[in-house]
Amino acid sequence: MLKIRNLTVTFGGVVALSLHKFDLGDKELRVIIGPNGAGKSTMMDVLCGKTLPNQGTALFNGEELIGRSEIEINRMGVGRKFQKPTVFDGLTVFDNMLLGLKGNKSVFASMFFHLSPEHRAKIYQVAEQVNLVDELNTMAGALSHGQKQWLEIAIVLLQEPELLLIDEPAAGMSDAETEKTGELLINLGKTKSVIVIEHDMHFVEQIAKEKVTVLVRGSILTEGTFKEVKNDKSVIDCYLGAPDSAQMKNMKQS
Ligand SMILES: Nc1ncnc2c1ncn2[C@@H]1O[C@H](COP(=O)(O)OP(=O)(O)O)[C@@H](O)[C@H]1O
Ligand SMILES: [Mg+2]
């Protein structure tokens, strides 16, 4: 469903991303790992139309994404959850989700928006998916950090994307929230294609039931199952092996 070829992004002459070939299957959950500055976020920026590459193609269900605006790409079915929160603290979870409903983008439009039973059902269904069904009347500002992240995911889900891009979903979460986030992503991967960027190797182990892609200095070092990647010498040398790396500490514990 996603085919990337010869994609290059440079910033001031420095190559941030140089992807020769990257393919993602229908309803596949792919985890991308790699050291800081490897180009992971840049890859997502390109896919959602935020960054224009110097060259290359990215076909989504056969349609070119490169050159389209963020709004167009979103309408085509690519949803991106950013790291920075975008929810309204002074609105309830329900109202935040209402604002996120497809075709209901502006606050003004929503004020006069007639809430149909279908819309209400959709909000409940998505809230259920992201563990927020008991918090629908809670002010978003009163949610825990993890719950806020789930609300962000809920808002993206309400747009019914076919491909979901998520950058470091578990950052700053408690262990219990991280675990629940993992379950949530695994469930999403049953009905959608999902690309997750992640640092925490425990979390990667939990969610990576399919392929893991290792990105180093803008290029794919290797791809494989979690086990293959974890034991790959080049990955250990380039990424996991740094003696002080948090990743390595995590690995030693496991
Ligand atoms: N907007 C930008 N302007 C200039 N350089 C950037 C910009 N975004 C990213 N970079 C550079 O591109 C490289 C890849 O960054 P990034 O994609 O954020 O890596 P990662 O997400 O893997 O940590 C880094 O060297 C970073 O400094
Ligand atoms: Mg990043």
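**Strands, a ligand shell and a few odd loops**

In this predicted model, strand β3 (residues 29–33) runs parallel to strand β9 (residues 212–216), and three bridges hold the two together as a pair. One of the spots where they meet is easy to find: I32 has T213 of β9 as its bridge partner. β3 also has a partnership with strand β8 (residues 193–197), again parallel, and here the count is four bridges. In that pairing, R30 sits opposite I195 of β8.

How much of β3 is covered? Five of its five residues are buried, so the strand is mostly covered. It helps to recall that side chains in a regular strand take turns pointing to one face of the sheet and then the other. In β3, L29, V31 and I33 are buried on one side, while R30 and I32 are buried on the other, leaving both faces covered.

Strand β6 (residues 78–81) can be read in much the same manner. V78 and R80 are buried on one of its sides and G79 and K81 on the other, which leaves both faces of β6 covered. Its link to strand β7 (residues 163–167) is parallel and comes to four bridges. Within that link, V78 faces L163 of β7.

Then there is a sheet with another sense of pairing. Four strands line up in the order β2-β1-β4-β5, making an open sheet with antiparallel pairing. Which strands sit at the edges? Those are β2 (14–24) and β5 (63–64), each of which pairs on one side only. Strand β1 (residues 2–11) and β2 are joined in the antiparallel sense by nine bridges. As an example from this pair, T8 has S18 in β2 as its bridge partner.

Next comes the ligand. Ligand 1 is surrounded by F11, A16, P35, N36, G37, A38, G39, K40, S41 and T42. Sorted by class, this shell holds four nonpolar, five polar and one charged residues. Which helix gives the most to the shell? That is helix α1 (residues 40–47), with three residues. Several polar contacts can be picked out here. In the side chain of K40, an N or O atom is 2.8 Å from an oxygen atom of ligand 1. For G37 the backbone is involved instead, with an N or O atom lying 2.8 Å from a ligand 1 oxygen. S41 joins in through a polar side-chain atom, 2.9 Å from an oxygen atom of ligand 1. As for cover, ligand 1 taken alone exposes 560 Å², and the protein buries 54% of that.

Just beyond helix α1, T51 lies in the loop that leads from α1 to β4 (55–60). Is T51 buried or exposed? Its relative accessibility is 15%, and because the cut-off for buried is under 20%, T51 counts as buried. Setting aside neighbours within four places in sequence, T51 is in contact with V9, F11, D45 and V46. F11 is also one of the residues around ligand 1.

Helix α3 (residues 93–100) is another well-covered piece. Seven of its eight residues are buried, so the rest of the structure largely encloses this helix. The buried ones are V93, F94, N96, M97, L98, L99 and G100.

Two asparagines have an unusual backbone. Most residues other than glycine have a negative phi. N61, however, has a positive phi of about 50° although it is not a glycine. It is found in the loop between β4 and β5, and with a relative accessible area of 42% it is partly exposed. N131 is the other case, also not a glycine, with a positive phi of about 65°. This residue belongs to the loop between α5 (117–129) and α6 (145–158). At 32% relative accessibility, N131 counts as partly exposed.

One last loop residue is T225, set between β10 (219–224) and α9 (226–230). With a relative accessibility of 36%, T225 is partly exposed. Where does T225 sit with respect to K211? The two are 14 residues apart in sequence, yet from C-alpha to C-alpha they are 4.9 Å apart in space. Not counting residues up to four places away in sequence, T225 touches E210 and V212. V212 falls in β9 (residues 212–216), the strand that β3 pairs with in the parallel sense through three bridges.

Methods. Residues are numbered from 1 along each chain as its sequence is written. Chains are lettered from A and ligands numbered from 1 in the order in which they are written. This is a predicted model: local features need pLDDT of at least 70, side-chain atom pairs count only at pLDDT 80 or more; totals for chains, interfaces and linings use all residues. Side-chain values use heavy atoms; hydrogens and water are left out. A residue is near a molecule or strand if one of its heavy atoms lies within 4 Å of it. A polar contact is a pair of N or O atoms within 3.5 Å; within protein, one must be able to donate a hydrogen and the other to accept it, and residues adjacent in sequence count only if both atoms are side-chain atoms. Accessible areas come from the Shrake-Rupley method with a 1.4 Å probe; for residues, only the protein chains shown count as cover. Ala, Val, Leu, Ile, Met, Phe, Trp, Tyr, Cys and Pro count as nonpolar, Asp, Glu, Lys and Arg as charged, and the others, Gly among them, as polar. Buried means under 20% relative accessible area, exposed over 50%, partly exposed in between (1.4 Å probe, protein chains only). Contact means heavy atoms within 4.5 Å. Two strands pair if DSSP finds at least two bridges between them.
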